[in-house]
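Hi there,

Here is the structure I promised to pass on to you. Have a look at it first, and then read on for what turned up.

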Number of protein chains: 4
Amino acid sequence: MSLSAEQKAEIAAQRETARETLRATAPGIEQHLHTAIPVLDHGFVRVVDYMGDDAAIVQAARVSYGAGTKKARDDSGLIRYLMRHWHSTPFEMCEIKLHVKLPVFVARQWIRHRTANVNEYSARYSILDREFYIPAPEQLAAQSSTNNQGRGEILAPEEAARVLDILRSDAGRAYDHYETMLSTEGKQGLARELARVNLPANIYTQWYWKVDLHNLFHFLRLRADPHAQYEIRVYAQAICEVVKDWVPAAYAAFEDYRLNAVAFSGKGMDCLRRMLAGETVTQEDSGMSKGEWREFEASLAR
Amino acid sequence: MSLSAEQKAEIAAQRETARETLRATAPGIEQHLHTAIPVLDHGFVRVVDYMGDDAAIVQAARVSYGAGTKKARDDSGLIRYLMRHWHSTPFEMCEIKLHVKLPVFVARQWIRHRTANVNEYSARYSILDREFYIPAPEQLAAQSSTNNQGRGEILAPEEAARVLDILRSDAGRAYDHYETMLSTEGKQGLARELARVNLPANIYTQWYWKVDLHNLFHFLRLRADPHAQYEIRVYAQAICEVVKDWVPAAYAAFEDYRLNAVAFSGKGMDCLRRMLAGETVTQEDSGMSKGEWREFEASLAR
Amino acid sequence: MSLSAEQKAEIAAQRETARETLRATAPGIEQHLHTAIPVLDHGFVRVVDYMGDDAAIVQAARVSYGAGTKKARDDSGLIRYLMRHWHSTPFEMCEIKLHVKLPVFVARQWIRHRTANVNEYSARYSILDREFYIPAPEQLAAQSSTNNQGRGEILAPEEAARVLDILRSDAGRAYDHYETMLSTEGKQGLARELARVNLPANIYTQWYWKVDLHNLFHFLRLRADPHAQYEIRVYAQAICEVVKDWVPAAYAAFEDYRLNAVAFSGKGMDCLRRMLAGETVTQEDSGMSKGEWREFEASLAR
Amino acid sequence: MSLSAEQKAEIAAQRETARETLRATAPGIEQHLHTAIPVLDHGFVRVVDYMGDDAAIVQAARVSYGAGTKKARDDSGLIRYLMRHWHSTPFEMCEIKLHVKLPVFVARQWIRHRTANVNEYSARYSILDREFYIPAPEQLAAQSSTNNQGRGEILAPEEAARVLDILRSDAGRAYDHYETMLSTEGKQGLARELARVNLPANIYTQWYWKVDLHNLFHFLRLRADPHAQYEIRVYAQAICEVVKDWVPAAYAAFEDYRLNAVAFSGKGMDCLRRMLAGETVTQEDSGMSKGEWREFEASLAR
C-alpha cells in the first residue's frame with residue numbers, strides 16, 4: 001500500500017480535526033476513522049464515516065424519542081431477540097462508509113451485493129496505478145478435488161515460483177503496454193477507456209462503499225465464510241474487526257446467530273430428533289443425499 | 001403535537017450532549033438535530049442523525065483520500081455538474097435519519113418510495129394514541145374538475161363545518177370503540193392486532209425513516225411538487241428546509257436542475273426550435289395532444 | 001368477493017384465449033391463471049402472469065444456452081443445492097404477477113417487503129367499494145399473554161358478538177359518511193383524496209404485485225409462519241399452493257430448507273453437541289436466556 | 001461469436017417448440033426469442049423470456065380485471081401520460097430476461113445498474129473461452145480533448161495497427177499462460193479462481209440479466225446515450241430494437257419523453273423565456289457557467 005505524501009497528509013489532517021456533534025457517537029469505531037487497515041499486498045479498508053451505534057438499533061425498534069437506552073443489558077437482550085427472529089429493519093438504521101482498495105476480480109464479486117452505494121475510481125477518467133495483486137506463495141493452491149469452486153493443496157515451491165513469474169511478468173508487460181498505448185509522445189495516444197481493456201483482473205481499483213448494518217451483516221456472513229474466496233474473505237475479516245468495535249452488542253448477536261449458527265433442513269431435524277432419542281441414523285435411512293449427509297455430519301462435528 | 005414530559009426530557013437531554021467525533025459534521029443541520037418541526041395538526045419531522053455533507057459528495061465522486069474539498073467554489077461547480085448529468089451515486093454517499101409522525105394515509109403514500117429504511121410504530125405490539133388529522137377548514141376542497149386526483153375549490157363554510165363534524169365524530173367514536181374492544185375490564189379484551197382495524201386512515205402513526213440524499217431528492221421532487229397531495233407536500237417542504245441547511249450546494253443544484261427544471265419531449269423541442277426561429281406554433285400543428293400542449297404552454301408561461 | 005358481470009366476463013375471456021409462445025411454460029400454473037382464489041371474506045389472489053419454471057432456475061445457474069434441463073432429477077438436485085447454500089440469484093430468474101384484493105391493514109404489512117413491484121388502486125382517483133373485512137367469530141381472540149404481538153384465547157361468543165357489532169356498525173357508518181362527503185347533490189362535495197381519510201383499516205383495497213421467486217420465498221417464509229398475523233398468513237398460504245404447482249422442485253426445496261428448517265445459534269449448537277454426546281443440558285448451564293432456551297426446546301420437540 | 005454445434009442445436013430446439021399459454025403474449029418479441037443478436041466481435045444479446053406487453057402496463061395502471069385494453073389508441077395515450085408524469089410503477093409490470101455475452105470491462109459498467117437480476121458465468125467454477133474483444137480499427141480513437149471520459153479523433157492507421165498488435169498479443173499470451181497455470185499435466189495446476197486473475201478486461205464473459213421495463217428504460221437512457229462508451233452503447237442499441245418490437249407504444253413514449261427529450265434548469269428556463277420574448281441572451285447575462293451555456297446552446301441547435 002503506497003500512499004503519496006500528500007494523501008498521507010490529507011488523512012492525517014482528518015484524524016486530527018475532532019469536531020463537536022449532537023449525533024450519537026460510537027467511541028469504539030472513532031479510533032478506526034480515516035485509518036487504512038492493510039489487506040492483501042496493496043489493498044486496504046478505511047472507515048470514512050458511520051451513522052448510529054447499538055443504542056440506535058434499539059431506538060428504532062422502539063420508535064422511541066430519546067437515545068433508546070435504558071440499560072445496556074436490556075438493549076443487548078433486545079438486539080439478540082431482533083437478530084434471532086430476523087427483524088432486520090432496526091439494523092438498517094446503522095450505516096457505514098468505507099474506502100476500499102481491492103483487486104478488480106475481488107471487486108467483481110463484491111459488487112454483486114446490490115443493496116449498497118458505490119463510487120468507483122474511473123479508468124475512463126483517470127489512469128490506474130501500477131499495482132497488482134500477486135498472491136503470497138502460501139496462497140497458491142491447486143484446484144480443489146471436492147469443491148468445484150475452491151482451492152485444494154498448496155502448490156509445491158517450484159510450481160508456485162513458475163506461477164508467480166507468470167503473474168508478475170504478464171502484469172508488468174500489460175501495464176507497460178497500457179502506458180505505451182496512452183502515451184501521446186510523438187503520437188495521438190489511445191483513449192483511456194480503451195487502453196484499460198488490456199489490464200488484467202489482478203490490478204487494483206478503489207471505491208467508496210456505503211452500506212447499512214443489516215446488509216453489511218449479510219455480506220459478512222457470505223464473505224467471511226470459509227467457502228468464500230480467500231482474497232475477498234480477508235476484506236470481510238478486516239471489516240468484522242471494525243464492526244465488533246462499532247456495535248459490540250449487534251456483532252455478538254451476529255456471531256452467535258449467523259456466523260456460528262447452523263441451519264438444519266426439515267429432513268435434518270427429523271434425523272436430529274431420532275439421534276437425540278438414542279437412535280443410530282445413517283445416510284441410507286436419513287432421506288438425504290450423500291452431499292447433504294456429509295454436510296450434516298460436518299456441522300455436528302464442528 | 002403532544003409530547004409527554006418524559007419524552008421532552010429525553011429529547012432535551014440529547015440536545016445538550018455534544019460529543020467529539022472525527023467524522024465530517026455539517027454545522028447547518030446540527031441545529032435541527034432532535035428538534036421536532038411541527039407539521040399538520042399533530043405531526044412532526046425530527047432529524048435524528050445524518051451522515052456526510054457537501055464535501056462528502058465531492059470526496060466520493062473523486063474517490064479521494066482527504067476531505068475532498070479544495071475550494072468551496074470548485075466543489076459547488078462539481079456538484080452542479082454531477083446533478084446536471086444524472087451522476088447520482090455521489091449523492092448516495094450522504095444519509096439522513098428522520099423520526100416522523102404522520103397520518104396513516106400519508107404514510108401509505110410515503111412508503112411507496114422503496115429505497116429507504118423504515119421502522120414503524122407497531123399497532124400489533126402497542127396501543128395507538130388518540131390523535132387524528134382533522135384538516136384546517138381552508139384545506140377542505142371539492143374534487144378538482146380538471147385533475148382526477150386533485151382538489152379544486154375550497155368548500156363553503158357550512159359544508160366545511162359539516163365535513164369537520166363527521167371527521168371528528170367518526171374518529172372519536174372509532175377510537176372509543178377501539179378502547180372498548182381492547183379493554184380487559186370484566187372481559188377478555190380483543191387482541192391489539194385486531195382492534196386496530198377499526199381505526200380510520202387519519203389516525204397518526206410514526207416511524208424512523210432513513211434514506212440517502214439521492215433518493216431523498218427523488219422523494220422531494222415528487223412530493224414537494226404542486227401536484228402532490230397537500231398533506232404529504234407539507235412534510236416534503238419541511239424536509240426541504242432541513243436539507244437546504246444540511247447540504248446547501250447540493251440543495252441549490254437540486255432546486256435549479258430538478259425542482260425548477262422543465263423537460264421538453266422530442267416533439268416539444270421541435271416546437272421550441274420553430275418558435276425561437278420566429279414561427280408561430282399552434283396545438284394543431286404541434287404534433288401534441290391537447291393535454292400535452294396545455295402543459296407545454298404552461299411550462300413556458302410559468 | 002363480488003365481481004361485476006363485466007369483470008367476470010373479462011376474466012373469462014382471458015381464460016379462453018390460449019396463445020402460442022416460444023417461451024418456457026409451466027403447465028402447473030397455467031390452470032391458476034386469471035382464476036381468483038378466495039381469501040378472507042372479500043379478498044382474493046389471482047395469478048395474472050408468470051415467467052420461468054424449475055428449468056429456468058437451472059438454466060440461469062448454469063448460464064446455459066438451451067432449456068437447461070438434462071434430467072428432471074439432476075435439476076432437482078441442483079435446485080436443492082442452490083437453496084441449501086443460499087445461492088439466491090438463480091431463483092430471481094422466475095417472476096410472478098398477482099392481482100390481490102386485501103384489507104388495508106394487511107396491505108400495510110405486505111408493502112414492507114420492498115423488493116417487489118406494486119400498482120395499487122388509487123383512492124385519490126377512484127371511489128373505494130363498500131367492502132370491509134369482518135373476522136369470522138372463531139378468529140376473534142384476546143391478546144396473547146406470552147406474545148406481545150399475537151393472539152391468545154378465542155373470545156367467548158357474547159364478547160365476540162359485541163366486537164362484531166362494533167366493527168360492522170362503525171364500518172357501515174364510516175362508509176355512509178364517506179359517500180355523504182363525496183356527494184355533489186346540492187353541494188360541492190369533498191375531494192376523494194380527503195373523504196377517504198374517514199375509512200377504517202379493514203376496508204378492502206387491491207393491487208397488482210409482481211415479485212421474483214427468491215423474494216417471494218422470503219415473503220412466504222415470514223408470512224406463512226405461525227407467528228404472522230392470521231389475516232396475512234392466509235394470503236401467504238394461498239400463494240404457497242400456487243407456487244407448489246408452478247415450480248414444484250423449487251417449492252419442495254423451499255419447504256425442506258426454509259419452512260421446515262431450524263437454525264441453531266452457536267450456543268445452541270454447543271448444547272446440541274453435548275446432548276448428542278449423552279449429556280443432560282439444562283437452561284442454567286446452556287448459556288442461553290430463558291426465552292432462547294424455551295425456543296430451543298420447542299424446536300427440538302416439534 | 002462461436003457457438004458449438006450442440007449449443008446451436010439447443011437454441012434451435014427452443015425456437016421450434018411453440019407452446020400454448022393463457023398469458024399475455026407480445027407477437028413482436030416472439031420472433032426475437034432465443035435468437036442471438038450479434039454485438040461487437042464475439043458478443044450477443046439473446047432474448048430468453050419476457051413478461052407482459054403494452055396492454056399489461058395499462059392494466060396495472062388501472063388495476064383492472066381484464067386485459068386492460070379498450071382501444072389501442074386510448075392505451076397509447078395513457079402510456080404517454082404515465083411516461084410524461086414519471087408514473088413509473090406500471091412500466092415495472094413488464095419484465096425481460098436476456099442472455100448476454102460481453103467483454104468484462106463492459107460488464108463492469110453494466111452491473112452498476114443494481115435493480116436487475118444477474119447470473120454470471122463463474123470463472124471460479126468453469127474455464128473461460130479464448131475470446132477477446134479486439135476493437136475494429138475505426139473504433140480506435142485518441143483521448144477526447146474536451147471530454148475527460150470520452151474519445152476524440154480516430155487513430156491514424158499505423159498507430160491503430162500498433163495498438164491492435166499489442167491488444168492481440170497480450171490477450172493471446174495471457175490466455176496461453178492461463179492455460180499453462182491451470183494445466184495439471186505433470187503438475188498440480190493452479191485453482192481456477194486464481195488462474196483467472198491473469199486475464200485482461202477485454203475477455204468475454206456472459207450472464208443472464210433480468211430487468212423490469214422501467215429500469216430497462218433507465219439503463220437504455222444512460223447507455224444508448226452518445227456519451228456512453230461505444231462498447232456498451234452498441235448493446236443498448238441492440239436492446240432498443242428488441243424493446244421497440246416488444247412494447248411499441250411504451251417505446252415510442254420513451255423515445256419522445258426520454259431519449260429525445262431535453263431538460264432545462266430553472267436558469268435555462270429563464271433564458272428560454274427571455275429568448276421567446278425576443279431578447280438576445282448571451283452567456284455573460286445568462287447566469288450559467290460556460291459549460292452549462294455550451295450545453296444549453298447545443299440542446300437548442302440539435
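**Helix packing in chains C and B**

In chain C, Leu216(C), Leu220(C) and Arg223(C) of helix H8(C) meet Ile232(C), Arg233(C), Ala236(C), Ile239(C), Cys240(C) and Val243(C) of helix H9(C). By class, the residues of this contact between H8(C) and H9(C) are seven nonpolar, no polar and two charged. Please keep in mind throughout that this is a predicted model.

H8(C) covers residues 213-223 and H9(C) covers residues 230-246; their axes come within 9 Å and cross at roughly 135°. That angle makes H8(C) oblique to H9(C), and the crossing of the two is left-handed.

For a second helix pair, please turn to chain B. There, helix H8 (residues 213-223) packs with helix H10 (residues 248-259) at an angle of about 45°, and the axes are 11 Å apart. H8(B) and H10(B) are therefore oblique to each other. Which hand does the crossing of H8(B) and H10(B) have? The crossing of H8(B) and H10(B) is right-handed.

From H8(B), the residues Leu213(B), Phe217(B) and Arg221(B) meet Ala250(B), Phe254(B), Arg258(B) and Leu259(B) of H10(B). This contact of H8(B) with H10(B) is made up of five nonpolar, no polar and two charged residues.

**The sheet in chain B**

H8(B) also leads to the sheet: the helix lies across S4 and S8 of chain B and runs at about 130° to S8(B). The sheet of chain B is an open one of five strands, in the order S2-S3-S4-S8-S5, with antiparallel pairing. Strand S2 (36-39) and S5 of chain B are at the edges and have a single partner strand each, so one side of each is left without a neighbour in the sheet. From one strand to the next, the twist averages 20°.

At one of these edges, S5(B) is joined to S8(B) by four bridges, and the two strands run antiparallel. If you would like a place to look, find Asn119(B), which stands opposite Tyr208(B) in S8(B).

**Where chain B meets chain A**

Next comes the contact between chains A and B. On the side of chain B, 43 residues are in contact with 43 residues of chain A. Several elements of chain B each supply at least two residues to the side that touches chain A, namely helix H1 (5-16), strand S1 (19-21), strand S3 (43-51), helix H3 (54-61), strand S4 (95-103), strand S5 (117-120) and strand S8 (204-212). H1(B) gives the largest share of that side, six residues. Sorted by class, the residues of chain B that touch chain A are 19 nonpolar, 11 polar and 13 charged.

Strand S1 of chain A (residues 19-21) pairs with S1(B) in the antiparallel sense, over three bridges. In this pairing, Glu20(A) stands opposite Glu20(B) in S1(B).

How do the two copies relate? A turn of 180° with a shift of 0.0 Å along the axis lays chain B on chain A with an RMSD of 0.1 Å. The two copies are thus related as by a two-fold rotation axis. Which residue of chain B comes closest to the rotation axis? Of the residues of chain B, Glu20(B) comes closest, with its C-alpha at 2.3 Å. Since 100% of the interface residues of chain B are also interface residues in chain A, the copies meet through the same surface.

**Where chain C meets chain B**

The contact between chains C and B takes 45 residues from chain C and 45 residues from chain B. In chain C, strand S6 (141-143), strand S7 (151-154), helix H6 (157-182) and helix H7 (192-195) each supply at least two residues of the side that touches chain B. The largest share of that side, nine residues, comes from H6(C). By class, the side of chain C that touches chain B holds 23 nonpolar, 11 polar and 11 charged residues.

Chain C can be laid on chain B by a turn of 180° and a shift of 0.0 Å along the axis, with an RMSD of 0.0 Å. Among the residues of chain C, Pro200(C) comes closest to this rotation axis, at 1.9 Å for its C-alpha. Here too the same surface serves both copies, as 100% of the contact residues of chain C recur in chain B.

Enjoy looking around, and all the best!

Note on methods. Residues numbered from 1 in each chain as written. Chains lettered and ligands numbered in written order. Predicted model: local features only at pLDDT ≥ 70, side-chain atom pairs only at ≥ 80, totals over all residues. Contact = placed C-beta atoms within 7 Å. Nonpolar A, V, L, I, M, F, W, Y, C, P; charged D, E, K, R; others polar. Pairing = 2+ DSSP bridges. Least-squares fit on C-alpha atoms with pLDDT ≥ 70 in both. Axes fitted to C-alpha atoms, helices over the stretch in contact; angles between N-to-C directions. Parallel < 35°, antiparallel > 145°, perpendicular 65-115°, else oblique. Left-handed = near helix turned anticlockwise from the far one by under 90°.
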